[in-house]
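Here are my notes on the model you asked me to look over. Have the viewer open as you read.

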Amino acid sequence: MEAHDQFDFLFKIVILGDAGVGKSSLLLRYADELFNPVYINTIGVDFRIRTLLVEDKLIKLQIGITVRVLTFQWDTAGQERFRNITASFYRGSHGIILTFDLSNKESFLRLDKWLAELERNVGHNVIRVMVGTKSDLVSRREVSYTLARAYSEKMKLAYAETSAKLNLNVDELFLYMAKEILTKVKLGLIDTNDKKISEETQTVSVVNTETEKPRKKSCC
Ligand code: GTP
Ligand code: MG
């Protein structure tokens, strides 16, 4: 058995949100400890793996991004194809990170649409966190903490603000997700059929740049 096969649970997390809000940057920061100021939009599906220790359990997080789904719009022939990809990408997910850009109010206003998309595709036990990105852009901020927080409470979502650039709240976000999912798994509310999920995701990957970065991290 290879080292990266040794884990207790595999949790699948999906990052959603409008184009350019910083989904890839969040993933790159968490998985590779990098930040790239140059915007390269992701086409298709991308994911990374990182392993961490939570309550004595070695948890492998498979974190994926899906893009060009709502932004692809309704009127093209490609819609059906992208919808199918999205549906299989969501399947088996344990956690959803719903992102918007704190310096772009439009991306915040579109959370309604993303939540409707989620309603159609994921079950109620899936952990959902709403995340305001780019918290370092203080002077360009268009969405106040109070407004975002009120919306998240209305939608019954946890809320966090992150900066991939300054590495603020990023580790905490994924640790929170892992802990919440683990709690649900222990209560028997979520299934973790690990190997199967991994294979499923690979079949829908258009861009597959999985990297393996095992790392032990104590909780809290
Ligand atoms: P798509 O793949 O097109 O959906 O975009 P995305 O959501 O993956 O956005 P991406 O991570 O590529 O980031 C878009 C731009 O925002 C890039 O120029 C990033 O450098 C920048 N960006 C992302 N996160 C942050 C952040 O925390 N702070 C600042 N200042 N810029 C950020
Ligand atoms: Mg991207």
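The points below go from the overall layout to the cores, the metal site, the pocket and two single residues.

1. First, a reminder that this is a predicted model. The chain has 7 helices and 7 strands, and from the N terminus they come in the order β-α-β-β-α-β-α-α-β-α-β-α-α-β.

2. Some overall numbers for the chain. It has 220 residues, and 50% of them count as buried. The accessible surface is about 10,700 Å², with 52% of that on carbon and sulfur atoms. If you take the contacts between residues at least 6 apart in sequence, 77% of them join residues at least 24 apart.

3. Now the largest nonpolar core. It holds 28 residues, and the ones touching the most other members are Leu61, Ile97 and Phe174. Two or more residues each come from strands S1 (9–17), S2 (45–54), S3 (57–66) and S5 (127–133), and from helices H1 (23–32) and H6 (170–186). H6 makes the largest contribution, with 9 residues. As background, nonpolar side chains in soluble globular proteins tend to be buried together.

4. Phe174 is a good residue to centre your view on. Setting aside neighbours within four places in sequence, Phe174 contacts Ile13, Ile15, Leu26, Tyr30, Leu61, Ile63 and Ile97. Note that Leu61 and Ile97, the other two residues singled out in point 3, are both on that contact list. There is also a second core, separate from this one, with 22 residues, among them Leu16, Val143, Tyr151 and Tyr159.

5. On to the metal. Which atoms coordinate the magnesium ion (ligand 2)? They are OG of Ser24 and OG1 of Thr42, at 2.0 Å. Ser24 belongs to helix H1, while Thr42 sits in the loop between H1 and S2, so the pair, 18 residues apart, links distant parts of the chain. Are these two residues buried or exposed? Ser24 is partly exposed, at 29% relative accessible area, whereas Thr42 has 14% relative accessibility and so falls under the 20% limit for buried.

6. The largest pocket has a volume of about 780 Å³. Its lining takes in 33 residues, and those closest to the pocket centre are Gly22, Ser25, Asn36, Val38 and Tyr39. Both H1 and S2 supply at least two lining residues, with H1 giving the most, at 6 residues. H1 therefore turns up in the pocket lining, in the largest core and, through Ser24, at the magnesium ion.

7. Leu26 is another H1 residue to look at. Why does Leu26 count as buried? Its relative accessibility is 1%, and the limit is under 20%. Beyond neighbours within four places in sequence, Leu26 contacts Ile15, Ile97, Thr99, Thr162, Ala164, Val170, Leu173 and Phe174. The C-alpha atoms of Leu26 and Ser163 are 7.8 Å apart, although 137 residues separate the two along the chain.

8. Last, a loop residue. Ser93 lies between helix H2 (79–90) and strand S4 (95–101). Despite that loop position, Ser93 counts as buried, because its relative accessibility is 8%, under the 20% limit. Not counting residues up to four places away in sequence, Ser93 touches Lys12, Val14, Val122 and Val126.

Methods
Residues numbered from 1 in each chain as written. Chains lettered and ligands numbered in written order. Predicted model: local features only at pLDDT ≥ 70, side-chain atom pairs only at ≥ 80, totals over all residues. Heavy atoms only, no water. Helix = DSSP H or I, 4+ residues; strand = E, 2+ residues; numbered from the N terminus. Buried < 20%, exposed > 50% of the residue type's maximum accessible area, 1.4 Å probe, protein only. Contact = heavy atoms within 4.5 Å. Areas by Shrake-Rupley, 256 points an atom, 1.4 Å probe, with all protein chains shown as cover. Core = buried A, V, L, I, M, F, W, Y, C linked by side-chain atoms within 4.5 Å. Donors = N, O, S within 2.8 Å, 3.2 Å for Na, K, Ca; no water. 1 Å grid on protein atoms, 1.4 Å probe; cavity = no way out; pocket = protein on both sides within 12 Å on 5 of 7 lines; lining within 4 Å. Points joined across faces, edges and corners; volume = space filled by probe spheres on them.
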